[in-house]
Amino acid sequence: MGKATGFLEYTRVENAGQEPLERIKTYREFHTPLSDAERQQQGARCMDCGVPFCQAGKPIFGMVSGCPLNNLCPEWNDFVYKGFWDEAADRLLMTNCFPEFTSRVCPALCEKACTCGLNGDPVTVKENEYAIIEKAFESGRMQPNPPKTRTGKRVAVVGSGPSGLATALQLNKRGHSVTVFEREDKPGGLLMYGIPNMKLEKTVVQWRIAFMEAEGITFRTSVNVGKDVTATELLRDFDAVVLACGASNPRNIVAEGRDADGIYYAVDFLKATTKSLISSNLSDGYYISAKYKNVIVIGSGDTGNDCVGTAIRHGCKSVIQLEMMPKLPDSRAENNPWPEWPRVCKTDYGQEEAIAVFGQDPRIYQTTVKRFIKDEKNHVRAVETIKLQSVIDPKTGRSRMEEIPGSEQILDADLVLIAAGFLGAQSYITDAFGVEVTPRTNVATEVGHYRTNIDRVFTAGDMHRGQSLVVWAIREGREAAKEVDEYLMGYTNL
């Protein structure tokens, strides 16, 4: 695969990004692709490694190594090297329904397991994927291909995030008539309203939705299943129902003063900004503004980073990110060898921008909120934080974070954004269908399956496995579609 000596001849070169102080002037994607010749050199770096961990998607010590979609990375890297772009697209689309999404927002599990990265820099697998699918769009190779015959079976998919879209695409390809229900005004789920434009411009999502409609899939927006449409109605009108509603319960911060105004969940902050951008380029004012405000973001994951980048583009006065856990090492520790997922500190685009604008990394580690301080108008004006330390529980032998007395600190805050993750499915939808849930409130199924305890009702994505990555959502959608197809037809060729 690739050029036999390519990894020795060529160094890793990534798509250049605009400088932070320049890119914060817009909400656009900010990386410039390499030329075809440069990209082919990057494809040439893929080694004939024998055992390609990049496509394994297998758990190693509790963390998945390689791509959960089992993308055939070495094969399409080889095609990229040889300039066979159409063949590369064919190989890519065999396993990935939406490479235009994953090549933008996936943390590249493939690259973290790349054999070339064992003693050097990994292959630019994610950017190669981006180049393949973008070239397929530009060349006109991506054309709607509706099924030539229909099975007569009707399937309702509830939720239009990546798992719902993957389920719908696969079932429609099989010839089933698929209707996707979405409670928001536009399809796309977290792809539309949960991920900022800087990472995924919404024209990309809208293009995919239009493509799927041209292939025969129906989208019904502003329909909240469980409220606007009952479970009974769906089960009456469809042969199967797939619940792909995501893990939609944001994790709260329980502390004194939580009822203060000016404290929002990150998803509401990000969604409001995206909606206003789409409708008026923020001129309507219908969003939660961070302009001239001291912003505290609670949580340092991807969503917290997105809040930092968005707040800076609003024109915030300052931004701080609070993280309960200690800072991860800058490089792999000895007890975290390849091809395990690297537990290392990542400075993402939002943090890079905060460093450029304010002169320092916004993250404060081993810190949590003790109380929110309000003014006389019940608006948050500060947060009191306290430092944490890791201690070993003598009974369980496990570590836990414990407060350090006397380490309290007051931080100015006009806007607080809670980006502490999500907890399971929303009860109104699971109650409506009567599906069983796990102790973590995810929809319960047999291990490795997607059929719920209710006849003809299936589930997929974060609603099933808990908060996770877009690649896992797509994997679950594809697997659920296969199980639905087998249920409807007695066999499956998906």
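Biologist: Let's start with H4 and H8: is their crossing left-handed or right-handed?
Modeller: Bear in mind that this is a predicted model. Helix H4 covers residues 73–82, and helix H8 covers residues 125–139. The crossing of H4 and H8 is left-handed.

Biologist: And how do H4 and H8 lie to each other, oblique or otherwise?
Modeller: Their axes are 10 Å apart, and the packing angle is about 60°. Angles of 65 to 115 degrees would count as roughly perpendicular, and those under 35 as roughly parallel. The angle therefore makes the arrangement of H4 with respect to H8 oblique.

Biologist: Which residues of H8 meet H4, and how many residues of that contact are charged?
Modeller: H4 brings Cys73, Trp76, Asn77 and Val80, and these meet Val125, Asn128, Glu129 and Ile132 in H8. Sorted by class, the contact has five nonpolar and two polar residues, and the charged count is one.

Biologist: H4 also packs on H5; is that pair roughly parallel or roughly antiparallel?
Modeller: The axes of H4 and H5 come within 8 Å and cross at roughly 165°. Angles over 145 degrees fall in the antiparallel class. So H4 runs, relative to H5, roughly antiparallel.

Biologist: What does the H4 and H5 contact look like, and how many polar residues does it have?
Modeller: The crossing is left-handed here. Glu75, Trp76, Phe79 and Val80 on the H4 side meet Trp85, Glu87, Ala88, Arg91 and Leu92 on the H5 side. That contact has six nonpolar and three charged residues, and for polar ones the count is no residues.

Biologist: Just before H4, which residue other than glycine has a positive phi?
Modeller: Look at the loop between strand E4 (63–65) and H4, where Asn70 is found. Most residues other than glycine have a negative phi. A phi near 55° belongs to Asn70.

Biologist: Moving on to the second largest pocket, which helix gives the largest share of its lining?
Modeller: The pocket has a volume of about 380 Å³. Among its 19 lining residues, the closest to the centre are Leu93, Asn145, Lys173, Phe211 and Glu215. Two or more lining residues come from each of H5 (85–95), H9 (162–174) and H11 (202–214). The largest share, four residues, comes from H9.

Biologist: How many residues of that lining are nonpolar?
Modeller: The lining of the second largest pocket has five polar and five charged residues. The rest of the division is the nonpolar group, and that count is nine.

Biologist: Where does the cis peptide bond sit, and what is its omega?
Modeller: Most peptide bonds are trans. Pro339 lies in the loop between strand E11 (318–322) and helix H15 (349–358). The cis bond joins Trp338 and Pro339, with omega at about 5°.

Biologist: After that loop comes H15; are H14 and H15 oblique or roughly parallel?
Modeller: The axes of H14 (residues 302–314) and H15 come within 7 Å and cross at roughly 40°. Roughly parallel would need an angle under 35 degrees. H14 and H15 are therefore oblique.

Biologist: Last one: what is the handedness there, and how many charged residues are in the contact?
Modeller: H14 passes H15 in a left-handed crossing. Asn305, Asp306, Val308, Gly309, Ile312 and Arg313 from H14 meet Tyr349, Gly350, Gln351, Glu353, Ala354, Val357 and Phe358 from H15. Divided by class, the contact has six nonpolar residues and four polar ones, and the charged count is three.

Key
Residues numbered from 1 in each chain as written. Predicted model: local features only at pLDDT ≥ 70, side-chain atom pairs only at ≥ 80, totals over all residues. Heavy atoms only, no water. 1 Å grid on protein atoms, 1.4 Å probe; cavity = no way out; pocket = protein on both sides within 12 Å on 5 of 7 lines; lining within 4 Å. Points joined across faces, edges and corners; volume = space filled by probe spheres on them. Nonpolar A, V, L, I, M, F, W, Y, C, P; charged D, E, K, R; others polar. Axes fitted to C-alpha atoms, helices over the stretch in contact; angles between N-to-C directions. Left-handed = near helix turned anticlockwise from the far one by under 90°. Contact = heavy atoms within 4.5 Å.
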